[in-house]
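Hello,

Here is the structure I promised to pass on. Please open it first, then read the notes below.

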Amino acid sequence: GSLAGGGAAGKGGAAAWGERVMSLRDFLDAHVTAGGGEARTGYLAQHPLFEQIPRLRRDFRVPELCTAGGGSVRHTNAWLGPEGTVTPLHFDSYDNVLTQVVGYKRVVLFPAEQTKWLYPKEAGGGGVDAQGNVSAVDVEAPDLERFPDFARAAGLEAVLGPGDGLYIPAGCWHHVRSLTAAFSVSFWF
């Protein structure tokens with residue numbers, strides 16, 4: 001079977017994103033398991049892997065929080081990539097429990113009330129900017145001359161390891177960096 005993966009390269013994840021259909025084996029060989037620093041940056045990001053390979057659903061349980069009060073999971077996504085992959089500062093329209101399966105990720109969160117200091121990009125176009133839920137600020141190297149109010153934003157940081165889960169409310173801004181090769185599952189509800 002084939003899958004489509006998107007990816008970001010570069011220090012802040014600000015380089016071009018693209019998608020390519022490839023087998024999971026080819027993705028792992030090119031982006032995750034290549035030795036000697038030969039792995040190219042690639043990220044299987046927000047991917048419906050469990051729809052493509054339903055038997056993988058037997059390997060995890062949906063966190064109870066996702067179904068509390070009679071709710072249900074709307075989307076289950078896989079995130080797989082090498083050390084250094086970045087999801088730029090953005091917010092989602094769903095509540096989310098981000099669970100870490102393998103490796104470590106750093107997540108920096110900003111409450112929705114700080115949106116005025118986070119410089120959302122205009123909605124439109126294609127790719128990651130289409131919904132207007134992505135910040136123009138590179139959280140890891142903010143340009144305070146261009147984005148002076150970002151200095152007023154106060155983020156909270158969490159490092160997720162295997163077995164950890166983090167609740168991210170709808171509308172909460174978050175930036176994610178893989179500290180090691182990592183596999184995560186997000187449950188949007």
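Start at the surface. Y104, V159 and L179 form a nonpolar patch there. Together they offer about 250 Å² of accessible area. L179 sits in the loop between β10 (173-178) and β11 (182-188). Its relative accessible area is 30%, so L179 counts as partly exposed.

Keep in mind that this is a predicted model. The mean pLDDT of the protein is 87. Of its residues, 84% reach 70 or more. The start of the chain is another matter: over residues 1-14, pLDDT stays under 50. The model still has 52 contacts beyond four places in sequence for that stretch. Where pLDDT is low, the predicted coordinates should not be read in detail.

Now the overall layout. The protein has 2 helices and 11 strands. Along the sequence they follow the pattern β-β-α-β-α-β-β-β-β-β-β-β-β. Take the contacts between residues at least 6 apart in sequence: 77% of them join residues at least 24 apart. The protein has 189 residues, and buried ones make up 41% of them. Its accessible surface comes to about 10,100 Å². Carbon and sulfur atoms account for 51% of that surface.

Next, helix α1, which covers residues 24-32. Which of its residues are buried? They are F27, A30 and H31. Seen down the axis of α1, the buried residues fall within an arc of 80°, so they line one face of the helix.

Last, the charged pairs. Side chains of opposite charge can pair when their charged atoms come close. The count here is 2 salt bridges. One joins R106 and E140, with the closest N and O atoms 2.7 Å apart. R106 is in strand β7 (residues 105-110), while E140 is in the loop between β7 and β8 (156-160). That pair links distant parts of the chain, 34 residues apart.

E140 also forms a salt bridge with R177, and here the closest N and O atoms are 2.5 Å apart. R177 lies in strand β10 and E140 in the loop between β7 and β8, so this pair ties together parts that are 37 residues apart in sequence. R106, E140 and R177 are thus linked in a network of salt bridges.

Is E140 buried or partly exposed? E140 is partly exposed, with a relative accessible area of 32%. R177 counts as buried, because its relative accessibility is 15% and the cut-off for buried is under 20%.

Best wishes

Terms used:
Residues numbered from 1 in each chain as written. Heavy atoms only, no water. Patch = residues over 30% accessible without salt bridge, like charges linked within 9 Å, V, L, I, M, F, W, Y side chains within 5 Å. Areas by Shrake-Rupley, 256 points an atom, 1.4 Å probe, with all protein chains shown as cover. Salt bridge = Lys/Arg side-chain N within 4 Å of Asp/Glu carboxyl O. Helix = DSSP H or I, 4+ residues; strand = E, 2+ residues; numbered from the N terminus. Buried < 20%, exposed > 50% of the residue type's maximum accessible area, 1.4 Å probe, protein only. Arc of directions from axis to C-beta. Contact = heavy atoms within 4.5 Å. pLDDT = per-residue confidence, 0-100.
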